[in-house]
Amino acid sequence: MDTNQAHPARPRTMWLGPKRKRDLDLEIEQASRSRPCPSDSQPETFTAGSPLARPAPIQRKNPNVVPKIRQVDEDPWLTYESTVQIFGRPIFLARLRSNKAELVNIQRLEKEPSSAESLVETMHQVAHRSFPNLLEHYRHGGQDFLVWEAVELSVGQVLGSRCSIDEGALAAIVWPVLKGIKHLRGQGRVLATMSADTIFLTESGIVKIAGAEHSCQIDATEMDAATLKLMALADVVQSLMTRSSPGTKWSPEAQSLPEAQSLPEAQSLPEDLNRLSVDELLRV
């Protein structure tokens with residue numbers, strides 16, 4: 001790899017010109033690690049453009065082939081060690097005993113084994129880069145444990161911090177969520193719930209939507225802004241936009257609808273999420 005090659009620029013917003021979708025998709029794949037704001041300093045702008053702390057994970061040779069989720073019939077704590085319980089749920093941040101730099105989230109399920117198998121199968125069917133990767137399924141002592149790729153913080157935590165949101169960060173959050181919603185819709189499914197607390201960021205700044213394993217199968221005639229969770233996303237966007245720094249001005253491109261009229265302008269995004277279809281929102 002050429003070490004002199006310039007780092008990718010901050011992702012363009014989804015409202016900037018006809019190349020916005022292709023460029024943003026590429027740059028989100030290479031997204032940089034976001035730094036949390038220190039509590040004892042001036043507010044920082046939350047962006048998706050600082051350098052990665054470690055190399056991006058290796059991509060599968062064929063992204064269309066989803067590997068089967070491995071089932072292991074042993075105690076997961078023989079392989080992993082717990083560091084802390086997180087998110088107020090039976091989910092633990094853990095690390096490999098053999099490689100303490102490798103972090104995962106381990107979820108202890110409080111359901112019947114058949115329910116656990118159903119969740120695993122659903123997650124295998126709906127796997128998409130907008131959802132956390134389910135890595136392994138452990139069964140031990142009558143309990144089921146799901147091992148997920150680690151996420152660092154939720155958008156709800158960002159809203160509760162001193163960080164301010166700029167246009168690039170808003171686009172980098174909304175775009176993967178819309179793609180995840182569209183992916184589920186293509187399989188006749190919708191998220192059961194969505195809020196700022198179910199949208200997460202990984203260590204490398206990639207946006208992940210939690211809860212795909214609980215998605216519901218519904219008829220196409222029932223799919224609208226409410227059932228697809230576009231209205232819920234609009235509420236999240238509204239909250240994010242209130243976190244901009246005082247006096248922040250959105251770019252001219254963001255203040256006017258693109259010629260293709262395929263994506264909403266920044267200022268009217270919450271309203272347009274309620275009004276437009278997923279296809280209209282993502283169309284190039």
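Okay, let's start with one residue, K229: at 15% relative accessibility, K229 counts as buried. The cut-off for buried is under 20% relative accessible area, so 15% falls on the buried side. Before I go on, please keep in mind that this is a predicted model.

So where is K229? You'll find K229 in the loop between strand 13, residues 216-217, and helix 5. The backbone there deserves a look too. Phi of K229 is near 70°, a positive value, and K229 is not a glycine. For background, most residues other than glycine have a negative phi.

Let's zoom out for a moment. How many helices and strands does the protein have? There are 8 helices and 13 strands. The protein has 284 residues, and buried ones make up 45% of them. The accessible surface comes to about 15,000 Å², and carbon and sulfur atoms account for 50% of that surface. Now take the contacts between residues at least 6 apart in sequence: 66% of them join residues at least 24 apart.

Right, on to the inside. The largest nonpolar core has 42 residues, and M194, I199 and L233 are those with the most contacts inside it. Several elements give two or more residues to this core, including helix 2 (113-126), strand 7 (143-149), helix 3 (155-159), strand 11 (199-201) and helix 5. Which element gives the most? That's helix 4, with 8 residues. This core also draws at least three residues from each of two domains, domain 1 (70-149) and domain 2 (153-268). As a general point, nonpolar side chains in soluble globular proteins tend to be buried together.

Let's pick M194 out of that core. Leaving aside neighbours within four places in sequence, M194 is in contact with V177, I181, I199, I209, K229, A232 and L233. So our opening residue, K229, is back, as one of the contacts of M194. There's also a second, separate core of 9 residues, and A94, L96, V104 and I106 are among them.

Helix 5 is worth a stop of its own. Helix 5 covers residues 230-241, which is 12 residues, and reaches 16 Å from its first C-alpha to its last, close to the 16 Å expected at 1.5 Å a residue. Which residues of helix 5 are buried? They are L230, A232, L233, A234, V236, V237, L240 and M241. It helps to remember that an α-helix has 3.6 residues a turn, so residues three or four places apart point the same way.

Next up, charges. The structure holds 9 salt bridges. In one of them, the side chains of R70 and E136 meet at 2.3 Å, N to O. Why does that pair tie together separate parts of the sequence? Because R70 lies in strand 2 (residues 70-72) and E136 in strand 6 (residues 134-140), parts that are 66 residues apart in sequence. Are the two partners buried or exposed? R70 has 46% relative accessibility and counts as partly exposed, while E136, at 9%, counts as buried.

Another pair is E81 and R97, whose side chains meet in a salt bridge at 3.6 Å, N to O. E81 lies in strand 3 (residues 80-86) and R97 in the loop between strand 4 (91-96) and strand 5 (103-109), so this pair ties together parts 16 residues apart in sequence. E81 counts as buried at 16% relative accessibility, and R97 as partly exposed at 43%. These two also belong to a network of salt bridges that links E81, R95, R97 and K100.

One more pair: E110 and R108 meet through their side chains at 3.5 Å, N to O. E110 is exposed, with a relative accessible area of 62%, and R108 counts as partly exposed at 24%.

Two last spots to look at. H183 sits in helix 4. H183 and A127 are 56 residues apart in sequence and 9.1 Å apart in space, C-alpha to C-alpha. Not counting residues up to four places away in sequence, H183 touches V126, A127, H128 and F131.

And then D75, in the loop between strand 2 and strand 3. The C-alpha atoms of D75 and R139 are separated by 7.0 Å, with their positions 64 residues apart along the chain. Leaving aside neighbours within four places, D75 is in contact with Y138 and H140. That's my tour, thanks!

Key: Residues are numbered from 1 along each chain as its sequence is written. This is a predicted model: local features need pLDDT of at least 70, side-chain atom pairs count only at pLDDT 80 or more; totals for chains, interfaces and linings use all residues. Side-chain values use heavy atoms; hydrogens and water are left out. Helices (H or I, at least four residues) and strands (E, at least two) are DSSP runs, numbered from the N terminus. The expected span of a helix is 1.5 Å times one less than its number of residues. Buried means under 20% relative accessible area, exposed over 50%, partly exposed in between (1.4 Å probe, protein chains only). Contact means heavy atoms within 4.5 Å. Accessible areas come from the Shrake-Rupley method with a 1.4 Å probe; for residues, only the protein chains shown count as cover. A nonpolar core is a set of buried Ala, Val, Leu, Ile, Met, Phe, Trp, Tyr and Cys residues joined through side-chain atoms within 4.5 Å. Domain bounds come from an automatic or database domain assignment. A salt bridge is a side-chain nitrogen of Lys or Arg within 4 Å of a carboxyl oxygen of Asp or Glu.
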